[in-house]
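Biologist: I should like to learn how to read side-chain features from a set of coordinates. Could we work through an example together?

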Amino acid sequence: AYNALYFEPQKGDGFGIAVQVWRDGNLAESRTRFNTLRNTFPNVAPTSKVTEQGFRSFFGDVVTLVFADPRRPLVASVSCSKKHCTGDDILYLATLVRDRLR
């Protein structure tokens, strides 16, 4: 029901890139998970650039984009250090994850 990947930077000791995916039993559970994440992450800003239901969060130098599939019980997040990713990079990575999950 959960999987995660972390890509460590080749140089330095900062945060790299993390991908997390939750596959819930039904859409109601996914909505609850998405809402819980949105309510607990800091500095949340809504976005619909990956799916209809998503948000960006910023903490320190790490940016996270969380999105939910409105038709399937899936929630995913992509996190990356500002040192390694621009906003466009995070959006691109989240789109790749979305497409891979289809």
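Modeller: Let us begin with a polar contact. In this predicted model, the side chain of Thr51 reaches the backbone oxygen of Gln53 at 2.9 Å. A polar atom of the Thr51 side chain also lies 2.8 Å from the backbone oxygen of Ala68.

Biologist: Where does Thr51 lie, and is Thr51 buried or exposed?

Modeller: Thr51 is in the loop between strand 3 (45-46) and strand 4 (53-59). Burial is read from relative accessible area, with buried meaning under 20%. Thr51 has 11% relative accessibility, so this residue counts as buried.

Biologist: Which residues does Thr51 touch, leaving out those up to four places away in sequence?

Modeller: Thr51 touches Phe67, Ala68, Pro70 and Arg98.

Biologist: How should I read a pair of aromatic rings?

Modeller: One considers the distance between ring centres and the angle between planes; an angle that is neither under 30 degrees nor over 60 counts as tilted. The count here comes to 4 aromatic pairs. One of them joins Tyr2 and Trp22, tilted, at 5.4 Å centre to centre with 45° between the planes. Because Tyr2 lies in strand 1 (residues 2-7) and Trp22 in strand 2 (residues 17-23), the pair ties together parts that are 20 residues apart in sequence.

Biologist: What is the relative accessible area of Tyr2, and what is the relative accessibility of Trp22?

Modeller: Tyr2 is partly exposed at 44%, whereas Trp22 is buried at 11%.

Biologist: Which residues do ring pairs link into a cluster?

Modeller: Phe34, Phe41 and Phe55 are linked in this way.

Note on methods. Residues numbered from 1 in each chain as written. Predicted model: local features only at pLDDT ≥ 70, side-chain atom pairs only at ≥ 80, totals over all residues. Heavy atoms only, no water. Phe/Tyr/Trp six-rings, centres within 6.5 Å; stacked < 30°, edge-to-face > 60°. Helix = DSSP H or I, 4+ residues; strand = E, 2+ residues; numbered from the N terminus. Buried < 20%, exposed > 50% of the residue type's maximum accessible area, 1.4 Å probe, protein only. Polar contact = N/O pair within 3.5 Å; in protein donor to acceptor, adjacent residues only side chain to side chain. Contact = heavy atoms within 4.5 Å.
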